[in-house]
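Good morning, colleagues. May I ask you to look at the chain on the screen while I go through its fold, its strand pairing and its aromatic rings?

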Amino acid sequence: MTIEIERRFLLKNDSWRALAGEPETMRQGYLSVEKERTIRVRIIGNRAWLTLKGYISDVARSEFEYEIPLPHAETMMQTMCPFKLEKRRYKIDYQGFVFEIDEYFGENAPLIVAELELPSEDAAFAEPEWLGEEITCNGRFTNAYLSKHPYSEWDKR
């Protein structure tokens, strides 16, 4: 088990793209979507993982992650995951930290979110100029929530 400490942000503009490496495409399906716990299947290329996350705080979650055979993941995704999403993930090394930029497809487009994993909840980090509003405490921007309530369906007034 690990403790995942993560902060999330919207982006001010597309200037981050000049710094980003090649993206990887991810498909995620959720077997359980609750505040207290989520159970997710993730497929990247020809590899797959089953991940269980438990709520600790808006910033921290316990995480158990296991690589599983791709055919198992595909079957789970097709038969057991009522909620799904697809995204492209870019990574940017910035002053000792790695920002993961998720660009969503389908019903969650054109949403783009930056995620930053930290060693502690109060860890300081340099904020790039393209980093916008922090959305860490807004549960609507979690992948689990987006899988059930796509961004395109939100009232954004």
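Let me begin with a definition: two residues are in contact when heavy atoms of theirs lie within 4.5 Å. On that basis, among contacts in the chain between residues at least 6 apart in sequence, 60% join residues at least 24 apart. Please bear in mind throughout that this is a predicted model.

I turn to the overall architecture. The chain contains two helices and nine strands. Their order along the sequence is β-β-β-β-β-α-β-β-β-β-α. The radius of gyration is 15 Å, close to the 15 Å that the globule rule gives for 157 residues, so the chain is as compact as a globular protein of that length. Along the principal axes, the C-alpha atoms fill a box of roughly 45 × 35 × 30 Å. Of the 157 residues, 46% are buried. The chain exposes about 8,500 Å², and carbon and sulfur atoms supply 50% of that area.

Next, the strands. I start with β3, which covers residues 37–44. Six of its eight residues are buried, so β3 is largely enclosed by the rest of the structure. What does β3 pair with? Strand β2, residues 24–33, is joined to β3 by seven bridges, and the two run antiparallel. Within that pairing, R27 stands opposite I43 of β3. The connection from β2 to β3 is a hairpin through three residues.

β3 is also joined to strand β4, residues 47–55, by eight bridges, again with an antiparallel course. Here I39 stands opposite L52 in β4. The hairpin of β3 and β4 has two residues between the strands, and G45 takes a positive phi near 60° in it.

Strand β1, residues 2–11, is mostly covered, with seven of its ten residues buried. Which strands does β1 pair with? One of them is β5, residues 60–68, in the antiparallel sense over four bridges; I3 has S62 as its bridge partner in β5. Five bridges join β1 to β8, and these strands run antiparallel, with E117 in β8 as the bridge partner of E6. The pairing of β1 with β9 is antiparallel over two bridges, and the partner of F9 in β9 is E134.

A brief remark on Y66, which is found in strand β5. Is Y66 buried or exposed? Its relative accessibility is 45%, and Y66 therefore counts as partly exposed, since that class lies between the 20% limit for buried and the 50% limit for exposed. Leaving aside neighbours within four places in sequence, Y66 is in contact with A48, W49, L50 and L52. As for F105, Y66 lies 39 residues from it in sequence and 25 Å from it in space, C-alpha to C-alpha.

I come finally to the aromatic rings. A pair of rings is described by the distance of the centres and the angle of the planes. How many aromatic pairs does a search of the whole structure find? The search finds ten. One of these pairs, F99 with F125, is edge-to-face, at 6.3 Å centre to centre and 65° between the planes. F99 lies in strand β7, residues 97–104, whereas F125 lies in the loop between β8 (112–117) and β9 (131–134), so the pair ties together parts that are 26 residues apart in sequence. F99 counts as buried because its relative accessibility is 0%. F125 also counts as buried, at 14% relative accessibility.

A further edge-to-face pair is formed by Y151 and W154, at 5.0 Å centre to centre and 65° between the planes. Both Y151 and W154 are buried. W154 has a charged neighbour as well: the charged end of R140 sits over its ring, 3.8 Å from the ring centre.

Which residues do ring pairs link into a cluster? The cluster consists of F9, Y94, F97, F99, F125 and W130. Two of its members have already appeared in this talk: F9 as the partner of E134 in β9, and F99 as the edge-to-face partner of F125.

Thank you for your attention.

Definitions and conventions:
Residues numbered from 1 in each chain as written. Predicted model: local features only at pLDDT ≥ 70, side-chain atom pairs only at ≥ 80, totals over all residues. Heavy atoms only, no water. Phe/Tyr/Trp six-rings, centres within 6.5 Å; stacked < 30°, edge-to-face > 60°. Buried < 20%, exposed > 50% of the residue type's maximum accessible area, 1.4 Å probe, protein only. Lys NZ or Arg CZ within 6 Å of the ring centre and 35° of its normal. Rg over C-alpha atoms; globule rule 2.2 N^0.38 Å. Areas by Shrake-Rupley, 256 points an atom, 1.4 Å probe, with all protein chains shown as cover. Pairing = 2+ DSSP bridges.
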